[in-house]
Amino acid sequence: MVAKLTENTQGVAYGVAAYTMWGCFPLFFALFEGVPAYEVLIHRIIWSCVFLALVITLMRRWQPVRDALARPGRLGRVLGCALLIALNWGVYIYAVETRHVLQASLGYFLTPLVNVALGMLILRERMAVLQGVAVALAAAAILLQLVMLGTMPWISLVLALSFGTYGLLRKQILLDGLSGLFVETLLLLPVALLVLLGMVELGLSQFSGEVRTTLLLIASGVVTALPLLAFAGAARRLRLATVGFLMYINPSMQFVIALLVFNEAITPIQVASFALIWLALVLYSWSTWRTLQADRRRQTGL
């Protein structure tokens, strides 16, 4: 019992660490003032790949990577994941640089609801009644912003849809999180290096400029990989439902940072939109918890 408690406690600690680091990402990427989002993205790909290669070497985890690369015909979905995660990273960096962190926060609040909708539409999964209500409330929140403000929260939608679709494809790939992310960045590495070389030739790259900027660009790879490693530690020790509930730490922190650190303005319509999303997440979480309880009762015969 003590050992199990310790395992759960460690899992929660890893999960909180992972989502807290992700929640602090706006503070880190705000440091790249004056560096275009696409250049930050390029270096994030390159240095993530380098750092992950070092971690895999230290952990002696090259076999899954070799197995994946030995079957190039099966790398189609991995390439799809790579393109989606690059899109997600790039739009997120842009959101921070242009001070649209509230939209980024909304996007990550929407992600679990997008996952439910994609599961129903693509995988033909059955949707519980409360989950259906939750998805409808999320759609109403986006429609509210569109009708009342006259603008589509495209950053939120791109982040939610790209990460949700990434998760959908990722489920179909037999690679752990660490190996999977490495192979994804490895597939993007040639393009990133070519673009970087072109920028250097044209004198557009800021990598060899100020030492501070150079170190920050290199650090982007470490910052990308560390929460992933912590998340892997949490996922091995905790039930999926517990990991899912901890996930809300990330967008909640981004929401607070947007208001208190970046002083982003929030309109009454946006408040109403967030309220609908939060209500949807409460219903979604309650439905998930009830399903897990029912499954446990069936397994125990109670």
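What is the handedness of the crossing of H3 and H10? In this predicted model, where local features need pLDDT of at least 70, side-chain atom pairs count only at pLDDT 80 or more and totals for chains, interfaces and linings use all residues, the crossing is right-handed (the near helix is turned clockwise from the far one by less than a right angle; anticlockwise would be left-handed). Residues are numbered from 1 along each chain as its sequence is written, and side-chain values use heavy atoms, without hydrogens and water.

Helix H3 (residues 37-59) packs against helix H10 (residues 211-237) at an angle of about 55°, the axes lying 7 Å apart. Helices are DSSP runs of H or I of at least four residues, numbered from the N terminus; axes are lines fitted to C-alpha atoms over the stretch in contact, and angles run from 0 to 180 degrees between N-to-C directions. Contact (heavy atoms within 4.5 Å) involves residues including Trp47 and Phe51 of H3 and Leu217 and Leu229 of H10.

Val91 lies in helix H5 (residues 76-97) and is buried, at 9% relative accessible area (buried means under 20%, exposed over 50%, partly exposed in between, with a 1.4 Å probe and protein chains only). Beyond its neighbours within four places in sequence, Val91 contacts Trp154, Ile155, Val158 and Leu159.

The count of disulfides (pairs of cysteine sulfur atoms within 2.5 Å) is 0. The sulfur of Cys49 is 16 Å from the closest cysteine sulfur, that of Cys81, too far for a bond. Cys49 is buried at 5% relative accessibility, and Cys81 is buried at 0%.

Note on methods: Helices (H or I, at least four residues) and strands (E, at least two) are DSSP runs, numbered from the N terminus.
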